[in-house]
Amino acid sequence: MKRLLATVSVLILSCGVAHFSVKADNITVSASSAVLMDAATGEVLFAKDADTPRAMASTTKLMTALLAAEYGDWSETVDVTAEMVAVEGSSLGLRAGDTLTLWDVVCGMLLSSGNDAANAVALTLAPTLVDFAAMMNEKAAQLGMTNTTFVTPSGLDAERHLSTARDMATLGVAVLQDPVLANICKQKSAPISIGGRKVTVTNHNRLLSLYPDAIGMKTGFTKKAGRCLVSAASRDGLTLVAVTLNAPDDWDDHIRLFDYGFSTWRALSFPSVETERLPIVGGVTSETTLQYETPLPMTVLREDAGEITATVHLPPFVFAPVEAGAVVGRVEYRLNGKCVQTCRVRTVNAVAAVPLKSKGVHFWRYVRQLWNGLFVC
């Protein structure tokens with residue numbers, strides 16, 4: 001691998017992450033608001049009125065589930081109270097006095113959309129529904145959901161209980177990053193136990209049957225919100241999250257969005273770079289191992305055909321002392337000759353300088369190590 005002579009101080013990232021975009025004028029959806037997002041990068045690939053706050057119905061339960069994953073223990077016991085089941089709308093069939101695990105509650109909440117299950121999660125993690133709403137809004141702020149306000153854990157209509165298609169896509173991406181939640185969301189049905197009663201809950205998400213690549217996530221409906229859907233699909237290393245709010249034809253909307261996304265975009269596959277050792281001049285050891293930063297995920301247009309190439313830029317040697325984690329080089333990744341991303345190369349180990357015992361010995365050691373660094377590979 002070719003090494004370029006350079007000092008560490010001038011090894012600057014020459015290009016960042018390149019972004020590829022296209023305007024999807026030919027996509028029409030029935031939804032009032034819609035977004036298609038790349039789950040790996042967070043880049044929005046399609047948007048329609050993406051930032052108007054709207055009621056989002058039971059897709060709210062994705063946030064309730066995310067908090068359960070963050071603050072709860074899947075095996076902990078949930079004791080159902082009268083307050084938890086005193087809620088209208090869709091129900092898991094919980095009764096005061098029932099006991100079940102948090103996993104069973106969340107599974108029933110996400111698949112059969114039980115509002116009683118959502119209350120059970122909220123009142124297990126917080127003393128009141130108001131306190132749980134505060135937790136939801138704090139998490140939303142952490143995720144960057146800047147146009148969202150949560151009021152209820154279930155998504156039942158309430159004043160100011162609003163979000164946007166963009167924010168709900170961001171939430172969907174966060175849920176996919178939790179392996180337990182991601183696995184629950186893709187199940188067409190699942191067995192759970194409620195107070196010793198064996199129950200099979202069925203997923204309301206018809207996309208799991210309609211679209212072969214679908215992997216979730218959550219449906220929703222109220223008269224105020226209309227039909228709402230957050231879904232995800234994965235193909236050839238590319239995972240997409242689609243959101244529609246107030247969509248009379250939501251199933252077809254999502255199929256159309258996914259077909260567009262997978263036919264237009266592809267995930268880049270970066271070549272691996274072998275770990276090398278860098279010669280050290282004047283150190284207590286003659287070399288140090290290197291660590292390469294992992295490239296950030298990237299999605300590009302399918303029309304940008306070609307393979308990614310990697311070029312490593314390293315100096316032939318560096319002088320001791322060297323700190324652990326010091327930037328000593330870079331890797332440039334190119335697509336069709338264009339630099340699309342640059343990653344830093346760092347040292348793994350610190351290397352101290354050789355103590356100066358005598359000027360003569362020190363001088364000739366430097367000469368020998370310099371010679372080896374320049375001419376010995």
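Helices and strands here are DSSP runs, numbered from the N terminus; a helix has at least four residues and a strand at least two. The model is predicted.

**Stop 1: the whole chain**

Show the protein chain as a cartoon. Its secondary structure comes to 10 helices and 17 strands. Now colour by burial. Of the 377 residues, 50% are buried. Switch on the surface. The accessible area is about 17400 Å², and carbon and sulfur atoms hold 53% of it. Contacts reach far along the sequence: among those between residues at least 6 apart, 66% join residues at least 24 apart.

**Stop 2: the largest pocket**

Select S58, S90, S113, N115 and F221. Of the 17 residues lining the largest pocket, these are the closest to its centre. The space inside is about 290 Å³. Which element gives the largest share of the lining? Strand 7 does, with 5 residues. By class, the lining has 11 polar, 4 nonpolar and 2 charged residues.

Stay with strand 7, residues 214-222. M217 is found in this strand. Zoom in on the peptide bond from G216 to M217. This bond is cis, with omega near 25°.

**Stop 3: A57**

Go to A57. This residue lies in the loop between strand 2 (44-48) and helix 1 (61-71). Check the backbone: phi of A57 is near 50°, a positive value in a residue other than glycine. Is A57 buried or exposed? The cut-off for buried is under 20% relative accessible area. A57 has 1% relative accessibility, so it counts as buried.

**Stop 4: helix 3 and its two ends**

Select residues 102-111. This is helix 3, and it is mostly covered, with 9 of its 10 residues buried. Among the buried ones are L102, D104, C107 and M109. Move just past the helix to S113. Helix 3 is followed by this residue, whose phi is positive, near 60°. S113 also belongs to the group closest to the centre of the largest pocket.

Now go back to L102 and add D73. The two are 29 residues apart in sequence, yet their C-alpha atoms are 6.9 Å apart in space. D73 sits in the loop between helix 1 and strand 3 (77-79). D73 is partly exposed, with a relative accessible area of 43%, whereas L102 is buried.

**Stop 5: the largest cavity**

Return to helix 1 and add helix 5 (129-143). Each supplies at least two residues of the lining of the largest cavity. Display L67, E70, Y71, M135, E138, K139 and Q142, which line this cavity. Its volume is about 30 Å³. Helix 5 gives the largest share of the lining, 4 residues. By class, the lining has 3 nonpolar, 3 charged and 1 polar residues.

**Stop 6: a hairpin**

Select strand 5 (residues 189-194) and strand 6 (residues 197-202). They run antiparallel and are joined by 6 bridges. Find A190 and look across to strand 6: V201 stands opposite. The two strands form a hairpin with 2 residues between them. In the turn, G195 has a positive phi of about 55°.

**Stop 7: N246**

Move on to N246, in the loop between strand 9 (238-245) and helix 9 (250-264). Its phi is positive, about 55°, although N246 is not a glycine. N246 is partly exposed, with a relative accessible area of 32%.

**Stop 8: the six-stranded sheet**

Bring up strands 11, 12, 14, 15, 16 and 17. These 6 strands form an open sheet in the order 14-16-17-12-11-15, with mixed pairing. Which strands stand at the edges? They are strand 14 (308-313) and strand 15 (318-319). Each has a single partner strand, so one side of each is left without a neighbour in the sheet.

Look closely at the strand 15 edge. Strand 11 (residues 277-281) and strand 15 run parallel and are joined by 2 bridges. Pick V281: its bridge partner in strand 15 is F319.

**Last stop: a cis proline**

Finish at P321, in the loop between strand 15 and strand 16 (327-335). The peptide bond from A320 to P321 is cis, with omega near 0°.

Terms used:
Residues numbered from 1 in each chain as written. Predicted model: local features only at pLDDT ≥ 70, side-chain atom pairs only at ≥ 80, totals over all residues. Heavy atoms only, no water. Pairing = 2+ DSSP bridges. Buried < 20%, exposed > 50% of the residue type's maximum accessible area, 1.4 Å probe, protein only. Contact = heavy atoms within 4.5 Å. Areas by Shrake-Rupley, 256 points an atom, 1.4 Å probe, with all protein chains shown as cover. 1 Å grid on protein atoms, 1.4 Å probe; cavity = no way out; pocket = protein on both sides within 12 Å on 5 of 7 lines; lining within 4 Å. Points joined across faces, edges and corners; volume = space filled by probe spheres on them. Nonpolar A, V, L, I, M, F, W, Y, C, P; charged D, E, K, R; others polar.
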